[in-house]
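Open the model in your viewer and keep the sequence panel beside it. The tour moves from one selection to the next and says what is there.

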Amino acid sequence: MEFEPTFSPEKKRNFENNEEWAVKELREGGEKSKELKALIDKKWKRHEKYLVGEGESASEVEDDELTLKELKEEMEKEKEEVYNRYLKDLELSEEDLEGKSILDLGCGEMAPFIQKLMEKDLEVELKGVDIDLDEDHLPEELEGVVEYANFEKEIPGDDYDYIFAYGSIFAYEWRDPESAILNAVEKLNTGGEIKIMPISEPVEGDIKPMEKQWNKMKSILEKAAEENNLTLEIKGVDFMISGNDEKNKDIWIRNLATLKK
Ligand SMILES: C[S@@+](CC[C@H](N)C(=O)[O-])C[C@H]1O[C@@H](n2cnc3c(N)ncnc32)[C@H](O)[C@@H]1O
């Protein structure tokens, strides 16, 4: 069904309160666009009812507007959460980032860390790459900053002071973490740091696949450090517990690996 609302003036006003953001999100196919489309469908169905005289109360329309507002607030909250998570887990302060050139490997389709960082009053040069993004439908502010790339094959740009990989480099069998790390090392400035998080280290329980990945990741990092004259620090950030009872629990540490040139 084509979306061509013909709202009554009162309803149109209500919709317009959020229209600018909602339309932008829909055009750009942002992460909330699916939910928005569902909302619009719902709104449209109500409106059709309204047109044929089955009516709907103004307060119901307001409920929908509130939901749109809530969605926007949710996005803002997510950006804030991701930003704080990066700083906390990668052990960084805003002062550390000031004046730096920063690359976010696997930044996510909406690059929430980069978006939030752009809102800050900091002098930073930013680049984000992800394999799962559509360059033709990026929000305007991310154009030229975020781009499509498979960092296991090639990393765009160079001379980065910080290269972050949060939740994006793993030693699964079908992945190539060694190439990802060596590609990043190549693009790192002297004095720069690559920060990879999390690197899971099993402590207790029967977590064989994790053990295999931990050993593989550790040896890749140690080899990369040795062959490229880097210092390597692997540091526990927090630990996780799963399982249903005391006897069968699994415990593992979430580590942060820092390679410094
Ligand atoms: C779990 S998400 C983490 C997103 C973000 N870094 C965060 O912490 O919120 C991992 C991201 O890495 C991206 N990614 C995984 N492998 C990649 C690769 N080889 N090249 C580029 N991006 C990759 C995925 O598409 C996904 O967006």
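How many residues surround the ligand, and which are the closest? In this predicted model, select the ligand and its shell: 15 residues surround the ligand, and the closest are Gly106, Ile131, Asp132, Gly167 and Ser168. Colour the shell by residue type, and it divides into 7 nonpolar, 5 polar and 3 charged residues.

Now show the whole chain as a cartoon. It has 7 helices and 7 strands, which follow one another in the pattern α-α-α-α-β-α-β-β-β-α-β-α-β-β. Of the 261 residues in the chain, 27% are buried. Among contacts with a separation of 6 or more, 67% join residues 24 or more positions apart.

Next, go to the nonpolar interior. In soluble globular proteins, nonpolar side chains tend to be buried together. The largest nonpolar core here has 44 residues, and Leu105, Ile163, Phe164 and Ala184 have the most contacts inside it. Strand β4 (residues 160-166) gives the largest share of this core, 6 residues. Select Ala184 to see its partners: leaving aside residues up to four places away in sequence, Ala184 touches Leu105, Ile155, Ile163 and Ile194.

Move on to Ile102, in strand β1 (residues 101-105). Is Ile102 buried or exposed? Ile102 is buried, because 21 other C-beta atoms lie within 10 Å, and 20 or more are enough for a residue to be buried. Beyond residues up to four places away in sequence, Ile102 touches Leu97, Val124, Glu125, Leu126, Tyr160, Asp161 and Tyr162. Add Glu193 to the selection: Glu193 is 91 residues from Ile102 along the chain, yet their C-alpha atoms are separated by 9.8 Å.

The last stop is helix α7 (residues 208-227). At 1.5 Å a residue, its 20 residues should span 28 Å, and the end C-alpha atoms are 29 Å apart, which agrees. Select the buried residues of α7: Gln213, Trp214, Met217, Ile220, Leu221 and Ala224. These buried residues cover an arc of only 135° around the axis, so they sit on the same side of α7. An α-helix has 3.6 residues a turn, so residues three or four places apart point the same way.

Show what the buried residues of α7 pack against: α6 (177-186), β5 (188-204), β6 (231-242) and β7 (250-260). Then turn to the face of α7 directed away from its buried side, which carries the exposed residues Lys208, Ser219, Glu222, Glu226 and Glu227. Finish at Asn229, which follows α7 and has a positive phi, near 55°.

Methods:
Residues are numbered from 1 along each chain as its sequence is written. This is a predicted model: local features need pLDDT of at least 70, side-chain atom pairs count only at pLDDT 80 or more; totals for chains, interfaces and linings use all residues. A residue is near a molecule or strand if its C-beta atom, placed from the backbone, lies within 6 Å of it. Ala, Val, Leu, Ile, Met, Phe, Trp, Tyr, Cys and Pro count as nonpolar, Asp, Glu, Lys and Arg as charged, and the others, Gly among them, as polar. A nonpolar core is a set of buried Ala, Val, Leu, Ile, Met, Phe, Trp, Tyr and Cys residues joined through C-beta atoms within 7 Å. A residue is buried if 20 or more other C-beta atoms lie within 10 Å of its own, exposed if 12 or fewer, and partly exposed in between; C-beta atoms are placed from the backbone. Helices (H or I, at least four residues) and strands (E, at least two) are DSSP runs, numbered from the N terminus. Two residues are in contact if their C-beta atoms, placed from the backbone, lie within 7 Å. The expected span of a helix is 1.5 Å times one less than its number of residues. The arc is that of the directions from the helix axis to the C-beta atoms.
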